[in-house]
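This report looks at a ligand site and at the interface of two domains. Keep the sequence and the 3D view open while reading.

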Amino acid sequence: MTPQGAWDVLIVGGAIYGSAVAWFLASDPDFDGRILVVERDPTYEFAATSHTNSCIRQQFTSALNVQISQFGASYVKDFRAQMGLGDAVPHLTLQSFGYMYLADTPQFAAHLKAAQALQAGLGAGTRHMTPEEIAQAYPFYSLDDILAANHNIVDEGYFDGGTLFDWWKRGAKRLGVVFVTDEVVDLKRACNRITAAVLRDAGEIPCGWLVNAAGTRGRDVAAMAGLDLPVEPRKRYSFVFQAAEPLDRDLPLTIDPSGVHVRTEGRHYLAGCPPDDDRAVAVDDFEFDHTLWQDKVWPAIAHRIPAFERVKVLNQWVGHYDYNTFDQNVLLGPHPEVDNFVLCNGFSGHGLQQSPALGRGVAERIVHGAYRSLDLSPLSYQRVFDAAPVVEQAVI
Ligand SMILES: Cc1cc2nc3c(=O)[nH]c(=O)nc-3n(C[C@H](O)[C@H](O)[C@H](O)COP(=O)(O)OP(=O)(O)OC[C@H]3O[C@@H](n4cnc5c(N)ncnc54)[C@H](O)[C@@H]3O)c2cc1C
């Protein structure tokens with residue numbers, strides 16, 4: 001289908017963010033505009049949304065991120081009612097095994113204690129634990145080098161982000177949103193406004209708002225408007241493995257001091273890590289480093305959980321974070337220099353769980369001119385101009 005005429009909102013990228021914004025806009029009773037979602041690859045083969053680990057946590061160091069995920073958890077648990085599309089919408093569960101941050105230095109233990117106080121003050125169930133308390137709850141860990149941990153089993157763990165994505169896309173289409181397969185290759189800008197997007201096949205398409213939900217290509221899309229984003233693609237590896245001696249209870253998403261994380265994945269386990277040389281890569285570089293498992297991941301998890309001496313990798317992949325080098329937090333909302341150019345960029349690995357709150361927020365900002373439910377204005381690009389980062393220290 002070739003899109004015709006002008007569109008009130010044109011969204012670049014149709015993965016979780018393009019679909020979330022489309023859904024929340026289309027389902028807002030105060031919005032009756034035309035929405036076009038342009039997606040270059042409808043298989044989503046290389047999208048972060050297809051490579052995600054799909055977990056949610058309250059354990060952030062920025063209060064706003066805690067609140068964003070609190071809404072995410074409540075939305076997931078109330079998904080069918082939230083969608084309002086009847087019984088065909090499935091119930092989603094949140095498998096609350098929790099995240100377990102392990103500290104092996106007094107400095108990090110003190111940091112965890114402060115983070116626990118912040119999170120508990122916002123209503124999160126985070127507990128600061130001694131090694132004895134950890135061993136009592138999870139006897140399978142080797143804790144000789146561990147001084148403390150933070151753990152939270154309330155609204156923290158795995159959820160089915162794929163179903164969320166699928167239903168937002170379906171729901172948006174039902175409400176008249178048009179998804180086309182094409183690529184935005186240029187933007188037309190007049191002073192402080194985007195006037196049109198240029199699509200590879202369909203040509204120039206006028207639009208009222210332009211939403212940048214292009215993931216790791218978001219920086220390229222911003223460059224089309226003459227803007228720079230401090231966002232770059234960085235590789236993140238995931239390994240699903242089977243254990244010869246499975247654990248007798250769920251394994252929390254354990255963030256080991258080595259930088260490797262590992263958790264329960266159904267009957268199996270999922271481990272992940274950044275490469276040692278964690279730098280920007282090309283948007284299409286998905287080459288896999290086959291030494292990582294043997295040299296880094298397996299030694300780390302077998303040290304922490306001796307039962308993982310005998311394991312077999314079943315599946316592995318590499319995906320890209322859209323990593324915000326400024327403060328590891330999303331850049332959200334209208335760009336201060338281009339009023340109708342809306343950013344959804346730089347999620348730095350925690351974007352999936354934020355999609356309910358941020359998709360809703362972006363829709364509110366477009367329809368009502370302000371955030372209504374949760375004030376997301378601290379996440380504006382303005383903070384880059386002001387050199388005032390909203391630093392998130394709990395980045396995995
Ligand atoms: C390994 C890994 C694990 C993760 N684990 C978690 C987790 O546990 N919890 C969590 O909250 N988050 C996690 N994340 C992060 C989360 O998955 C991302 O933040 C989220 O999926 C980003 O979605 P997006 O829609 O912004 O981008 P993407 O999913 O990358 O989608 C962008 C889309 O835009 C399209 N596009 C790009 N340029 C153009 C163009 N010019 N024209 C048209 N279309 C275009 C692309 O084809 C793509 O489909 C993880 C990410 C990775 C890689």
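In this predicted model, a backbone N or O atom of glycine 351 lies 3.3 Å from an oxygen atom of the ligand. Alanine 48 and serine 54 also place polar backbone atoms by ligand oxygen atoms. The table lists these polar contacts (pairs of N or O atoms within 3.5 Å; within protein, one must be able to donate a hydrogen and the other to accept it, and residues adjacent in sequence count only if both atoms are side-chain atoms).

| Protein side | Distance to a ligand oxygen atom |
|---|---|
| Alanine 48, backbone N or O atom | 3.0 Å |
| Serine 54, polar backbone atom | 3.3 Å |
| Glycine 351, backbone N or O atom | 3.3 Å |

There are 35 residues around the ligand (a heavy atom within 4 Å of it). Glu39, Ala48, Thr49, Cys55 and Gln353 come nearest.

Now the domains. Domain 1 covers 7-58 + 161-230 + 327-385, and domain 2 covers 97-158 + 232-323. These bounds come from an automatic or database domain assignment. The C-alpha centres of the two domains lie 30 Å apart. 21 residues of domain 1 are in contact (heavy atoms within 4.5 Å) with 27 residues of domain 2.

The two domains bury about 2,000 Å² between them (accessible area, 1.4 Å probe, lost on being put together, summed over both). Carbon and sulfur atoms hold 54% of it. In domain 1, Asn53, Gln58 and Thr216 lose the most area to domain 2, together 30% of what that side buries.

Across the interface, ten residue pairs are in polar contact, both residues at pLDDT 80 or more.

Residues are numbered from 1 along each chain as its sequence is written. Local features need pLDDT of at least 70, side-chain atom pairs count only at pLDDT 80 or more, totals for chains, interfaces and linings use all residues, and side-chain values use heavy atoms, leaving out hydrogens and water.
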